[in-house]
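Student: I'd like a close look at the charged side chains that pair up, and at what surrounds them. Please start with one pair and work outwards from there.

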Amino acid sequence: MKKITVACIGNYPPRECGIATFTKNLIDAVEKTGNVEGYVVAMNDPGQSYSYPEKVKYVIRQNHQRDYLKAIKFINYSEADVCVIEHEFGIFGGDSGIYILPLMHRLEIPLIVTLHTVLQKPSYDERAVIHEIGQKAAKVVVMSRRAVEFLIEIYDVPRDKVMLIEHGVPDFNFIQGQRYKKKFKLENKKALLTFGLLSRNKGIETVIQALPQVVKKHPEIIYIILGKTHPAVLRASDEEYRNYLRRLVKQNNLSDNVYFYNRFVSPQELFEYLSAIDIYITPYLNEAQITSGTLAYAVGAGAAVISTPYWHAQELLADGRGRMFDFHDSNALANILNELLDDPPALLELREKAYAYGRRTLWSAMGEKYFQLISEAMRSYPAVVAKEAPIVDPLVLPVFSLSHVLQLTDDTGIIQHAKYSVPNRKEGYCLDDVARALLMTTMAYRQKKDPAALEVLPVYLSFIHYMQNEDGSFRNFLSYNRNFMDEVGSEDSFGRTIWALGYLIRFSPHDAFLQLARELFAKAYSNFQNLQTIRGNADTIIGICHYLHRYSGDEGMNHTLKDMAYKIVAQYDNETGQDWRWFEPELTYDNGIIPLALLHAYEIRGDKKFLEVAQQTADFLEKIIFRNGCLSPVGNDGWYQKGAPCPQYAQQPIDAMAVVMMFHQAYVVTGNKRYLERMFASFMWFLGENDLRIPLYDFETRGCCDGLESHGVNRNQGAESVLAYLISHLTVLLAHEKEGQTS
């Protein structure tokens with residue numbers, strides 16, 4: 001009989017985390033049934049690589065969308081019969097791990113998903129991701145009864161798809177532990193233990209604050225904090241939490257009673273510690289912990305457990321298998337510790353009950369349950385139906401890179417112009433480009449968690465702060481030696497800045513960025529309704545809409561949005577005619593921005609007039625700028641006057657960017673895939689699907705040429721062009737995510 005081949009997507013050792021350990025244990029367990037062989041598609045966290053064993057056949061870098069699409073081709077073309085995904089929001093790329101959805105929707109074999117986190121109060125994106133998993137997967141596995149309820153009631157996952165299989169544990173021997181007490185020099189100690197990756201939600205400070213009361217009665221007590229700091233915490237705040245705990249230990253004179261062991265330990269080492277200690281503690285800070293692998297291990301090893309009443313603990317420690325104290329309540333914890341340390345028979349009874357329950361959740365038993373689930377998923381899987389090819393194919397996109405942007409950026413801002421690909425410092429800086437750079441880097445960090453984007457983002461935000469006048473307006477030009485070159489900039493530069501600030505307010509990666517962006521935005525607000533130009537209004541409207549996504553209850557801003565959008569609608573009503581559906585008597589530059597603004601306004605306010613005008617003008621523009629199936633933006637060599645020929649050349653990247661974003665937003669608010677097709681065709685203008693069939697994107701420098709001329713491309717690669725390309729690239733990736741959700 002042919003063995004079933006299982007492809008498992010998840011973290012895997014030597015990556016150090018609970019999901020990596022779980023994935024290995026699961027594969028080992030199902031293979032020991034004798035009917036399964038498995039391989040792993042391993043997830044790599046940002047900036048890391050690992051020396052994987054032969055079991056790992058493919059690697060996905062978390063924030064590289066192309067890797068997901070290549071991986072699904074590998075899985076579909078392999079001999080795999082079933083795919084199992086170990087799901088945790090933080091291990092997949094995109095907002096709330098959304099990059100996993102396009103992979104799932106292209107899978108041609110049955111899918112089983114194990115959910116390691118199920119939230120009671122998910123964000124919109126988190127709920128959408130889990131709902132889609134519930135629609136696509138043959139079975140969804142959770143590890144607690146409460147998680148079953150959440151999936152059905154909150155995420156609308158069909159009940160018959162949800163399976164409860166508890167967290168597996170190794171086959172620990174129940175022994176009194178004197179051997180391991182001696183190994184760790186704990187023979188004359190009363191030992192407490194907490195283990196796992198350190199982060200603030202672990203609540204270890206609650207234990208430290210309880211210890212002084214315990215030490216008074218039991219000076220021989222020692223508390224072992226076993227585990228490395230969580231990698232995501234290290235990236236965000238280094239060892240700030242561990243150092244805080246160390247200070248707390250010192251303040252409470254507990255240096256002889258608390259031991260930090262900063263290491264990720266193997267299951268065998270963990271068992272030895274669990275055997276050596278007297279009490280295991282999980283002091284998590286709130287109830288929203290649906291699964292705890294560390295708690296499952298402690299119960300499986302027969303440890304005496306004290307815990308706060310988070311969801312998994314309530315289930316696992318029921319019926320006298322452990323003791324619980326309230327969140328943050330160090331006094332209650334101290335009382336329980338003293339009570340149990342004074343009563344060895346009570347401690348032994350806790351251990352025996354925990355161990356007896358743990359025998360039901362051995363990995364050998366869980367492996368059999370997963371094997372049955374895999375077999376059922378294969379039997380019930382429908383015949384493969386040919387799928388509609390996706391419109392957006394990220395595999396044709398160049399690798400996303402900020403290298404040229406970084407070359408143009410110094411500690412002041414982004415240099416406006418370039419001679420070929422070399423920064424031209426003689427021309428200095430302009431607010432227009434810095435605002436685009438702020439928008440692009442915020443997008444890049446939101447979508448790809450690009451650390452380079454996060455590094456230069458504050459440079460651009462600082463520049464905007466420097467250029468703002470006291471009345472909230474902005475200067476536009478700054479010389480290379482940092483001299484102002486104007487008093488008040490153009491309305492275009494004002495609007496683009498408000499757009500970038502609004503986007504940063506909506507998706508700020510740091511609170512400091514959010515607060516400064518709000519200050520600048522608020523200071524500029526008095527100028528909003530004084531804008532006279534249509535593009536200045538349009539750019540500002542887009543910024544307001546992003547702001548309102550975060551602060552929807554701001555009634556004053558909602559009224560401002562309505563007034564400004566109707567100002568554009570009024571201009572359309574004045575200019576439109578039977579053969580002319582536009583806001584002005586000519587088509588000039590950045591044309592797609594105006595319908596784009598109305599599409600954003602419609603998304604916020606739901607006013608059908610905004611959608612009607614946006615669609616009419618977008619369709620009118622589309623007829624003019626598409627020739628032979630490819631984008632041909634209005635040339636800047638004369639622009640397009642009503643009744644005159646449309647100039648073909650001096651086509652600009654910002655015009656292509658505006659059209660890409662216009663079609664993307666039209667797709668977002670209507671769901672019409674024709675707009676998606678036009679968006680992708682518009683983006684391909686950068687890659688050579690244009691009037692001259694010449695790429696403007698430079699694959700060598702990772703920059704973008706400044707324009708398409710009748711004789712070829714303008715080889716200079718200034719800030720405006722590369723930023724227009726990168727914003728368009730990121731917009732296409734966003735569209736790909738949405739297409740994956742709705743496929």
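Tutor: Start with Glu584 and Arg535, both of which are buried (under 20% relative accessible area; over 50% is exposed, in between is partly exposed; 1.4 Å probe, protein chains only). Keep in mind that this is a predicted model, where local features need pLDDT of at least 70 and side-chain atom pairs pLDDT 80 or more, while totals for chains, interfaces and linings use all residues. Numbering runs from 1 along each chain as its sequence is written, and side-chain values use heavy atoms, without hydrogens or water.

Now, what do those two side chains do? They meet in a salt bridge, 3.1 Å from N to O (a side-chain nitrogen of Lys or Arg within 4 Å of a carboxyl oxygen of Asp or Glu). The general idea is that opposite charges on side chains can pair once the charged atoms come close. To place this pair, go to helix H21 (residues 534–550) for Arg535 and to the loop between helix H22 (555–575) and E17 for Glu584; the pair ties together parts 49 residues apart in sequence, so it's a link across the chain. (Helices here are DSSP runs of H or I with at least four residues, strands are E runs with at least two, and both are numbered from the N terminus.)

A second salt bridge joins Arg496 to Asp590, with 2.9 Å between the closest N and O atoms. This one links distant parts of the chain as well: Arg496 belongs to helix H19 (residues 491–507), while Asp590 is in the loop between strand E17 (586–587) and helix H23 (593–605), 94 residues apart. Arg496 and Asp590 are buried too. And they have company, since salt bridges with shared partners join Asp432, Asp492, Arg496 and Asp590 into one network.

For contrast, look at Glu31 and Lys55, whose side chains meet in a salt bridge of 2.6 Å, N to O. Glu31 is in helix H1 (residues 18–31) and Lys55 in the loop between strand E2 (36–44) and strand E3 (56–61), so many steps along the chain as 24 residues separate them. With 24% relative accessibility, Glu31 counts as partly exposed; Lys55, at 23%, is partly exposed as well. In total, the structure holds 29 salt bridges.

While we're on what's buried, have a look at helix H17 (residues 431–448). Of its 18 residues, 17 are buried, so you can call this helix mostly covered. From first C-alpha to last, H17 reaches 25 Å, close to the 26 Å expected (1.5 Å times one less than the number of residues). Right after H17 comes Lys449, which has a positive phi near 50°.

Helix H2 (residues 65–77) passes the length check too: its 13 residues should span 18 Å, and its end C-alpha atoms are 19 Å apart, which agrees. Among the buried residues of H2 are Asp67, Tyr68, Leu69 and Ile72.

Finally, find strand E6 (residues 139–142), which is covered on both faces. Lys139 and Val141 are buried on one side, Val140 and Val142 on the other. E6 pairs in the parallel sense with strand E5 (residues 111–115) over three bridges (strands pair if DSSP finds at least two bridges between them), and Lys139 is the bridge partner of Ile112. Strand E7 (residues 162–164) also runs parallel to E6, joined by three bridges, and there Val141 has Met163 as its bridge partner.
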